[in-house]
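Reader: Hey, got a minute to go through this one with me? I'd like to start with the strands and then get to the ligand.
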Amino acid sequence: MSTRSSRFEVVIANSEFPDGDLEQEILGKIGATVKKFQAHDVNELLRITRSAHGILCTYEAPFTKEVISNLENASVIVISAVGYDNIDVKAATEKGVVVCNVPDYMTFEVAEHTVALILALIRRIPLADRFVRAGEWSTYGSLSWTRLRPLSHLDGRVAGIVGFGRIGKQVAERLQAFRMRLIAYDPYLSKDDATARGVEPVSLHTLMKESDVIAVNALLSKETYHLIGDQELRLMKQTAIIVNTSRGKIIDQSALVQALVGKRIAGAGLDVQEREPPDPNDPLLKLENVIFTPHVGSTSEKSYSEMRRMAAEEIGRVLLGEKPRHPINPEAVVKARLPKGSREHSEGPKKPAN
Ligand SMILES: NC(=O)c1ccc[n+]([C@@H]2O[C@H](COP(=O)([O-])OP(=O)(O)OC[C@H]3O[C@@H](n4cnc5c(N)ncnc54)[C@H](O)[C@@H]3O)[C@@H](O)[C@H]2O)c1
């Protein structure tokens, strides 16, 4: 995968794709050589990222303080995702490494996935599918009749959105089409913004108590780790469901198991879990009132190629001394280290070399 010149070394620390061809095609134009790895632990990251000028990664690569301190040349890390909780951003800022995410490539996909999980849960679609395949039709008094009925509906019910950012807003728009009443909890949400979207801002306590459907769409941080724990789950209606397409650690999963086993809530739809992939013996996997998908909320042909392109272009911008579009730590942009040996760079941004 090498190019004729290599002004910059770009490392794909890990990726969901078998090759780095697209990244090489884009970054080759500025004289970068792209090396692709599949590193998921600190030791591997220490080894493969030490000399890189730019790094691409997913949320599964732990960019700890140790890994960041070990970087000799890097000026930028781009995570091909929205959430960046795997990166010690403070350590990166201190080191002068710009951290960027790719926030806007898959908002619709995740919003649609959230609604899909909600509908599949309240209409019990996976269970109904299993009945039909097993030759069980829903005749009066049959097993499927007893277990599938009464099914639920959304019309006129209350949907509570935890985290009213890009995805939360798109979920709200879609649920409004089902004529639901919308409430949201987000400490950074302005009342005007919420009201303009037909959504009532409420406390987390009120949201947990009043919602029939809860969609978790917040960002994972120290503040939101186990934001929804035993206390919050105990506020939920027995008929309510909760769907999480953000990050597993926002919900205390053992408290969730207790709530589901005790039938204190009606169900859960999880695209993300506290541990991914889950332990095969996780009690959650045995529960019928839970629907899982394997962290694929953002997946679509279009979103993946867009995301790869956007991530690679962001690396290119920082390496050329241009302003990145989505820096998490903009304060690091000014002190970002220039790739060693790049004379062009110290003279300011240059047009990509062809
Ligand atoms: N399942 C997937 O495949 C997938 C794909 C993309 C993103 N995600 C997750 O979805 C999350 C949301 O994405 P987004 O694009 O809407 O991000 P965003 O940054 O636009 O929205 C996150 C929202 O969380 C809010 N928030 C922060 N602290 C909070 C708190 N204490 N309580 C409640 N809300 C709080 C923020 O104010 C913001 O509005 C991401 O952080 C990411 O982890 C998952």
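Author: Sure. This is a predicted model. In it, strand S9 (residues 213-216) runs parallel to its partner, strand S10 (residues 241-244), and the two are joined over four bridges.

Reader: Which residue in S10 is the bridge partner of Val213?
Author: That's Ile241.

Reader: And what's the strand order in the open sheet?
Author: There are seven strands, ordered S8-S7-S6-S9-S10-S11-S12, and the pairing is parallel. Strand S8 (200-201) and strand S12 (290-292) are at the edges with a single partner strand each, so one side of each has no neighbour in the sheet.

Reader: OK, switching to the ligand. Where does it sit?
Author: In the largest pocket.

Reader: Which residues come nearest?
Author: Arg166, Ile167, Asp186, Glu223 and Asp271, out of 26 residues around the ligand.

Reader: How does that shell divide into nonpolar, polar and charged?
Author: Eleven nonpolar, ten polar and five charged.

Reader: What about polar contacts, say with Glu223?
Author: An N or O atom in the Glu223 side chain is 2.9 Å from a nitrogen atom of the ligand. Thr245 uses a backbone N or O atom instead, 2.9 Å from a ligand nitrogen atom. For Leu219, a backbone N or O atom is 3.4 Å from an oxygen atom of the ligand.

Reader: How much of the ligand's accessible area does the protein cover?
Author: On its own the ligand has 850 Å² of accessible area, and the protein covers 91% of that.

Definitions and conventions. Residues numbered from 1 in each chain as written. Predicted model: local features only at pLDDT ≥ 70, side-chain atom pairs only at ≥ 80, totals over all residues. Heavy atoms only, no water. Near = heavy atom within 4 Å. Polar contact = N/O pair within 3.5 Å; in protein donor to acceptor, adjacent residues only side chain to side chain. Areas by Shrake-Rupley, 256 points an atom, 1.4 Å probe, with all protein chains shown as cover. 1 Å grid on protein atoms, 1.4 Å probe; cavity = no way out; pocket = protein on both sides within 12 Å on 5 of 7 lines; lining within 4 Å. Sits in = over half its atoms within 2 Å of the grid points. Nonpolar A, V, L, I, M, F, W, Y, C, P; charged D, E, K, R; others polar. Pairing = 2+ DSSP bridges.
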